[in-house]
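Here are my comments on the model you sent, set out as numbered points so that each can be checked against the coordinates.

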Amino acid sequence: MLTAPQFSPDALDSVRARIAIAARQAGRDPRDVRLLAVSKQQPAVLVRAAAVAGQLDFGENYVHEGVAKMTALADDRLTWHFIGRLQSNKTREVAAHFQWVHTVDRERIAARLSDQRPHHAPPLQVLLQVKLADEAGKGGVAPSGLQALAAAVATLPRLQLRGLMCLPPPAADVAAQRVPFRRLRELRDVLNARGHHLDTLSMGMSDDLEAAVLEGATIVRIGTAIFGRRA
């Protein structure tokens, strides 16, 4: 049976401890890994409780739900990341309200975000979602198309291209989990060798964050381990 949504500061501390252990194992500073709390389908009251406990980055998959929480909380300390699949008819709201977008996978979507980003706002921080496995229903640019997309996005005036994101299929153990994360890091390194300055890898969730951190994740997207399973 699925439990009702909940939040405990102890759960947040446990996730932070997992990140720290994995980072130290990799010879990294735990402060270089940003914890993104996936708050989709969680009530605003739980987001507020997490913010009180010191969590300031939140990820939303659904535009209207995310904007409603931003309005309800009205907390300028919080940074909001859009991590859902982005449709053309939602780009205006995303460009207007979010600070980060993790799921850019088409030049047309990127161009709309740039055109619709308010000029009084700082550039929208964007990641390119890379599709590392052939899974129906998942977005992402194929590795073969990544270089061209990165080059196009880098020219858009209201966006700042920060890095790459992936959402690989589940794997049985840490060794298997590390494979796609390593591939994403290698793709980032190739782009940087060709003149980009990408500093962000958004990868790893509740069940595989250790593997992601070991392979260089700078953002891990954690929902269940913080809030429990959604009812």
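The points below take up the pockets, the cavity, the helix packing and a few single residues in turn.

1. The model is a predicted one, and local features are considered where pLDDT is at least 70, while side-chain atom pairs count only at pLDDT 80 or more. The totals for linings, by contrast, use all residues, and the points on pockets and on the cavity should be read with that in mind.

2. The largest pocket holds about 870 Å³ of space, and its lining is made up of 37 residues, among which K40, N61, L167, M205 and R221 lie nearest the centre. Two elements, α7 (174–193) and β8 (219–222), give two or more residues each to this lining, and α7 gives the most, with four residues. By class, the lining of the largest pocket divides into 17 nonpolar, 11 polar and nine charged residues.

3. The second largest pocket contains about 190 Å³ of space, and the residues that line it are V67, M70, T71, L73, A74, D75, D76, L78, W80, H97 and Q99. Helix α3 supplies the largest share of this lining, with four residues. Six of the lining residues of the second largest pocket are nonpolar, three are polar and two are charged.

4. A74, which belongs to the lining of the second largest pocket, also deserves a look for its backbone, since its phi is near 45°, a positive value in a residue other than glycine. A74 sits in the loop between α3 (63–73) and β3 (79–82), and it counts as exposed because its relative accessibility is 62%, where the cut-off is over 50%.

5. Q41 likewise has a positive phi, of about 60°, although Q41 is not a glycine. The residue is placed in the loop between β1 (34–38) and α2 (44–52). Is Q41 buried, exposed or partly exposed? With a relative accessible area of 45%, Q41 is partly exposed, because that value falls between the 20% and 50% limits of the two other classes.

6. The structure holds one cavity of 30 Å³ or more, and the space in the largest cavity comes to about 80 Å³. Its lining consists of Q129, V130, K131, L132, A133, E135, K138, G139, C166, L167, P168 and P169, which by class gives seven nonpolar, two polar and three charged residues. L167 appears in this cavity lining and is also named among the residues that lie nearest the centre of the largest pocket.

7. Which angle do α2 and α3 make where they pack? The angle is about 60°, with the axes of α2 and α3 lying 10 Å apart. That makes α2 oblique to α3, because an angle counts as roughly perpendicular from 65 to 115 degrees and as roughly parallel under 35 degrees. The crossing of α2 and α3 is right-handed.

8. A second helix pair to inspect is that of α6 (residues 143–154) with α7, which pack at an angle of about 40° and have their axes 11 Å apart. That makes α6 oblique to α7, and the crossing in which α6 passes α7 is right-handed. Helix α7 is also the element that gives the most to the lining of the largest pocket, so that the description of this helix pair can be read together with point 2.

9. F98 is found in the loop between α4 (91–97) and β4 (100–104), and despite that loop position F98 is buried, with a relative accessible area of 0%. The C-alpha atoms of F98 and G66 are separated by 8.8 Å, although these residues are 32 apart along the chain.

10. W100 has its place in strand β4, and at 4% relative accessibility W100 counts as buried, because the cut-off for that class is under 20%. W100 and I83, which are 17 residues apart in sequence, are 8.5 Å apart in space, C-alpha to C-alpha.

11. A20 lies in helix α1 (residues 9–25), and its relative accessibility of 12% means that A20, too, counts as buried. The C-alpha atoms of A20 and R31 are separated by 8.1 Å, the two residues being 11 apart along the chain.

Note on methods
Residues are numbered from 1 along each chain as its sequence is written. Side-chain values use heavy atoms; hydrogens and water are left out. Buried means under 20% relative accessible area, exposed over 50%, partly exposed in between (1.4 Å probe, protein chains only). On a 1 Å grid over the protein atoms alone, a cavity is a set of points where a 1.4 Å probe fits but cannot get out, and a pocket is an open set with protein on both sides within 12 Å along at least five of seven lines; lining residues have an atom within 4 Å of a point. Grid points are joined across faces, edges and corners, and a volume is the space filled by probe spheres set on the points. Ala, Val, Leu, Ile, Met, Phe, Trp, Tyr, Cys and Pro count as nonpolar, Asp, Glu, Lys and Arg as charged, and the others, Gly among them, as polar. Axes are lines fitted to C-alpha atoms, for helices over the stretch in contact, and angles run from 0 to 180 degrees between N-to-C directions. Angles under 35 degrees count as roughly parallel, over 145 as roughly antiparallel, 65 to 115 as roughly perpendicular and the rest as oblique. A crossing is left-handed if the near helix is turned anticlockwise from the far one by less than a right angle, and right-handed if clockwise.
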